[in-house]
Amino acid sequence: MVQTIATLIDETLMVMGAHLHVRMTDEEKAYLDAHFELIHIKKGEHLVTRGEEVCYLYYLESGIVRLWFPDKENREISARFIQAKEFINFFLSHEEHHAHYNIKALEPCKIWRLPKKDLHQLYELSINFNKLARIHLVRSINRKIIREEEFYTLNAEARYKALLANEKWLLRSIPLKDIASYIGITPQALSNIRKRI
C-alpha cells in the first residue's frame, strides 16, 4: 500500500504521543500531500552536504541517516542518527540557512521533502503544523541537552551504557566506528569497553 505523507505524519504523531494535541484537518492533510515530494537516496549518498543552503524540510519514511561533521583533523564525527518516521530538520528560517552537518544515508532511504517556501506558507496556514514543529523542536533540544550533559559528566564506558539503555536500536543498524565517534571515543576504545561489559 502506498502511503501519503499526511498518513505518515499521523503515524508519527501517534508514536510521539502527540496525537492528542495535534490533529491535522482534512485541509492541512491535503496541503501536505500536494506539496511534499517523495525522493529516494542510495546507501552512502549524501542528502545534504555541510555548507550548502538548505532549501527543504525532510521527513524520513524508511532507512537511517547519519548527521556528521569533520573535526579539525578531518575525522568524521557522528552527531546524530535518525531512523524512519522522523523529521530530519525543522530548523528552516526565512533567511538563507546553510547546513551545519552532512546528512548521509546509511541504508537506502525514502525521503519526503517540502520546499522552504511551502513550509513557511504551511506555518501561516496551519496551527496544527506549528504545534507539531514546536513539539519536535522541544524534543530535539531536550535530546541535545541530555547528550551534552552525558559528554561532560560521564566517562566513555558510562556513555556507552547510556546508549545501550536509551538508543539500543543503534547497535542493530550502525557501524561500530560511527557509534564510537557518536560517544566520543576511538573504535579501539569501544571494542575494549564492549569486551568488559
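**Exercises on pairing, burial and packing**

Arg196 is exposed, with a relative accessible area of 54% (buried: under 20%; exposed: over 50%; partly exposed: in between; 1.4 Å probe, protein chains only). The model is predicted: local features need pLDDT of at least 70 and side-chain atom pairs pLDDT 80 or more, while totals for chains, interfaces and linings use all residues. Residues are numbered from 1 along each chain as its sequence is written, and side-chain values use heavy atoms, leaving out hydrogens and water.

**Exercise 1.** Find the salt-bridge partner of Arg196 and place both residues in the chain.

Solution.
- Step 1: The partner is Glu157, with the closest N and O atoms 3.0 Å apart. A salt bridge is a side-chain nitrogen of Lys or Arg within 4 Å of a carboxyl oxygen of Asp or Glu.
- Step 2: Arg196 belongs to helix α8 (residues 187-196) and Glu157 to helix α5 (residues 156-166), so the bridge joins distant parts of the chain, 39 residues apart (helices: DSSP H or I runs of at least four residues; strands: E runs of at least two; numbered from the N terminus).
- Step 3: Glu157 is partly exposed, at 21% relative accessible area.

**Exercise 2.** Which elements are linked by the salt bridge between Arg113 and Glu37?

Solution.
- Step 1: The side chains of Arg113 and Glu37 meet at 2.9 Å, N to O.
- Step 2: Arg113 lies in strand β8 (residues 109-115) and Glu37 in strand β1 (residues 37-41), with these positions 76 residues apart in numbering.
- Step 3: Glu37 is partly exposed, with 38% relative accessibility.
- Step 4: The structure holds 13 salt bridges, counted over the model.

**Exercise 3.** Is Asp178 buried or exposed, and which residues share its salt-bridge network?

Solution.
- Step 1: Asp178 is buried, at 4% relative accessibility.
- Step 2: Asp178 pairs with Lys177, whose nitrogen comes to 3.1 Å from the closest carboxyl oxygen; Lys177 is exposed, at 52%.
- Step 3: Arg66 and Glu76 join Lys177 and Asp178 in a network of salt bridges.
- Step 4: Ser78, in strand β5 (residues 76-83), is buried, with a relative accessible area of 0%. Among the residues that Ser78 touches are Arg66 and Asp178 (contact: heavy atoms within 4.5 Å; residues up to four places away in sequence not counted).

**Exercise 4.** Trace the strand order of the open four-stranded sheet and name its edges.

Solution.
- Step 1: The order is β1-β8-β3-β6, with antiparallel pairing (strands pair if DSSP finds at least two bridges between them).
- Step 2: β1 and β6 (86-87) are the edge strands; each has a single partner, so one side of each has no neighbour in the sheet.
- Step 3: Five bridges join β1 to β8, and Ile39 stands opposite Ile111 in β8.

**Exercise 5.** Which element gives the most to the largest nonpolar core?

Solution.
- Step 1: This core has 23 residues (buried Ala, Val, Leu, Ile, Met, Phe, Trp, Tyr and Cys joined through side-chain atoms within 4.5 Å).
- Step 2: Elements giving two or more residues to this core include α1 (5-16), α2 (26-35) and α4 (127-153).
- Step 3: α1 gives the most, with six residues.
- Step 4: Phe87, Phe129 and Leu132 are among the residues with the most contacts inside this core. Phe87 is in contact with Phe129, Leu132 and His136, among others, and these three are buried in α4.
- Step 5: Another core, of 16 residues, lies apart and includes Ile39 and Ile111.
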